[in-house]
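Thanks for coming. I will talk through one chain this morning, starting from a single residue and working outwards. Please have the sequence and the structure open.

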Amino acid sequence: MTYHDVTIMGGGPAGLAAALSLEARGLSVAVLERTPQAPWAEPGFDGREIALTHHSVAVLKELGAWPHIPEVAISPLREARVETGRGNHPLQFDTQGRGVDALGYLVSNHCIRHGLYMAASQRPGISLLGGTATRHIRRIGEDMVVVHDGGEITSRLAVGADGRFSQIRRSQRIGAIVHDFRRSMLVCRMAHDLPHHHVATQWFDEGQTVALLPVNGGASSIVLTLPTEQIERLRTLERDAFNAEIMERVGRRLGNMRLVSTRHAYPLRGVYAHRFAAPGFALVGDAAVGMHPITAHGFNLGLKGQETLAQEVAAGMARGEPVGSLSALRRFERRHRMETAPLFAATNGIATLYTRDELAFRVLRQAGLRVADALSPFKSAVTNMLMDRKAAS
């Protein structure tokens, strides 16, 4: 048996970020991850591109992860467009003279994971245990005992960070709202002839949803949402036929396109845990809140959640409370719920409105985009949310 102040179960971005934030407060942290050490340290391309707000970039810099991300892998988002149907008026967002060159920055998920792993591996107070599965957790007095493949770790605080289908959450008898959108998304990179001008497009076409996310090097990340059986067909379709079908699906707006990466499919389910905290225990990342990707804010909320947890744990310690005190965890829970609940509800509503193809829904969203584009206060508020600069300053 070993002792650490905090044990984190799940070594994805949220878990590694939480380890770095808590270690910076003077705590010793163990991170348990099922993936073996080598692929954990050097994760492969998984298709997912993350739209980082300015605040998230500031957090990654503070944690020491940003210098480990190659500059060529950081693509600025200069404008965002929302479209519905074909030939309809788009809703457009840009920086509106705010003195910065981008709404945010697009970075591949595997690059962020690598950056966070490298930063954590250089911290003396963090132990990274790859290839280690959690067997069960039990509370003994004020301690949390985590039983894993290689033994036991005793801590004052245990943190579940193992994703939206979290086994750790279930093991603590914490339920969750699960919204199954009955769709899957296909993600991949495609090179194209026409320039994207660093404009991100979310396009709600009849029968499909397409996101075109600009990356450096004359390519875009394609995020296509369809019924699961159609996604599986596209995932295994012969390359030339795949290229031709994607070009048709995006209206040939980027000219000739060709696949330049592996293809990956993910089911679309939103998850919102009934509780984010219990005595000696907290949830962060997708284990707490797993967002529909339509607003591109899931990762950013995950970073904010771990940041809030570290802040409240540190504030409790300053008041003489033990690490993992229930009062500190309840404060974290209240703050994170206020940050996430309205956006989770709004995101699910938007996803429903913009993915239904009945006539009434099509008319409503076309009218909604025209009205929204004409409302400067609304566009300014959404732009502020997309950029999230206030929290970063």
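**From one loop to the sheets**

Start with Ala102, which sits in the loop between strand 7 and strand 8 (104-108). Helices and strands here are DSSP runs numbered from the N terminus, with at least four residues of H or I for a helix and at least two of E for a strand.

Before going on, a word on the source. This is a predicted model, in which local features need pLDDT of at least 70 and side-chain atom pairs count only at pLDDT 80 or more, while totals for chains, interfaces and linings use all residues. Residues are numbered from 1 along each chain as its sequence is written, and side-chain values use heavy atoms, leaving out hydrogens and water.

Back to the loop. Is Ala102 buried or exposed? Ala102 has 0% relative accessibility and therefore counts as buried. Buried means under 20% relative accessible area, exposed means over 50%, and partly exposed is in between, with a 1.4 Å probe and protein chains only. Glu79 is 23 residues away from Ala102 in sequence, and the two are 7.4 Å apart in space, C-alpha to C-alpha.

Now the whole chain. It holds eleven helices and 22 strands. Of its 393 residues, 56% count as buried. Take the contacts with a separation of 6 or more: 74% of them are between residues 24 or more positions apart. A contact means heavy atoms within 4.5 Å.

Next, strand 6 (residues 79-84) and its partners. Two strands pair if DSSP finds at least two bridges between them. Strand 6 is antiparallel to strand 7 (residues 91-94), with four bridges between them. Ala80 is opposite Phe93 of strand 7, and Arg81 is opposite Gln92 of strand 7. With strand 15 (residues 199-205), strand 6 runs parallel, over six bridges. There, Val82 has Gln202 as its bridge partner.

Which way do the side chains of strand 7 point? Leu91 and Phe93 are on one face and are buried, whereas Gln92 and Asp94 are on the other face and are not. In general, the side chains of a regular strand alternate between the two faces of the sheet.

On to the sheet of six strands. It is open, its order is 9-3-2-13-21-20, and its pairing is mixed. Strand 9 (126-129) and strand 20 (277-278) are at the edges with a single partner strand each, so each has one side without a neighbour in the sheet. Strand 3 (residues 29-32) runs parallel to strand 9 with four bridges, and Leu32 is opposite Leu129 of strand 9. Helix 1 packs on this sheet and touches strand 2 (6-9), strand 3 and strand 9; its direction makes about 170 degrees with that of strand 2. Such angles run from 0 to 180 degrees between N-to-C directions, and the axes are lines fitted to C-alpha atoms, for helices over the stretch in contact.

Further along that sheet is strand 13 (residues 157-160). Leu157 and Val159 point one way from strand 13, Ala158 and Gly160 point the other way, and all are buried. Strand 13 pairs in parallel with strand 2 over four bridges, and also in parallel with strand 21 (residues 281-283) over three bridges. Val159 is the bridge partner of Ile8, and Val159 also stands opposite Ala282 in strand 21.

Last, helix 1 itself (residues 13-23). How many of its residues are buried? Eleven of its eleven residues are. Their cover includes strand 2, strand 3, helix 2 (37-41), helix 4 (109-121), strand 9 and helix 8.

Helix 8 (residues 298-318) packs against helix 1 at an angle of about 30 degrees, with the axes 9 Å apart. Angles under 35 degrees count as roughly parallel, over 145 as roughly antiparallel, 65 to 115 as roughly perpendicular and the rest as oblique. Helix 1 and helix 8 are therefore roughly parallel to each other. On the helix 1 side, the residues that meet helix 8 include Pro13, Ala14 and Leu22; on the helix 8 side, they include Phe299, Leu303 and Val313.

That is the tour. Please keep Ala102, buried in its loop, as the place to start when you look again.
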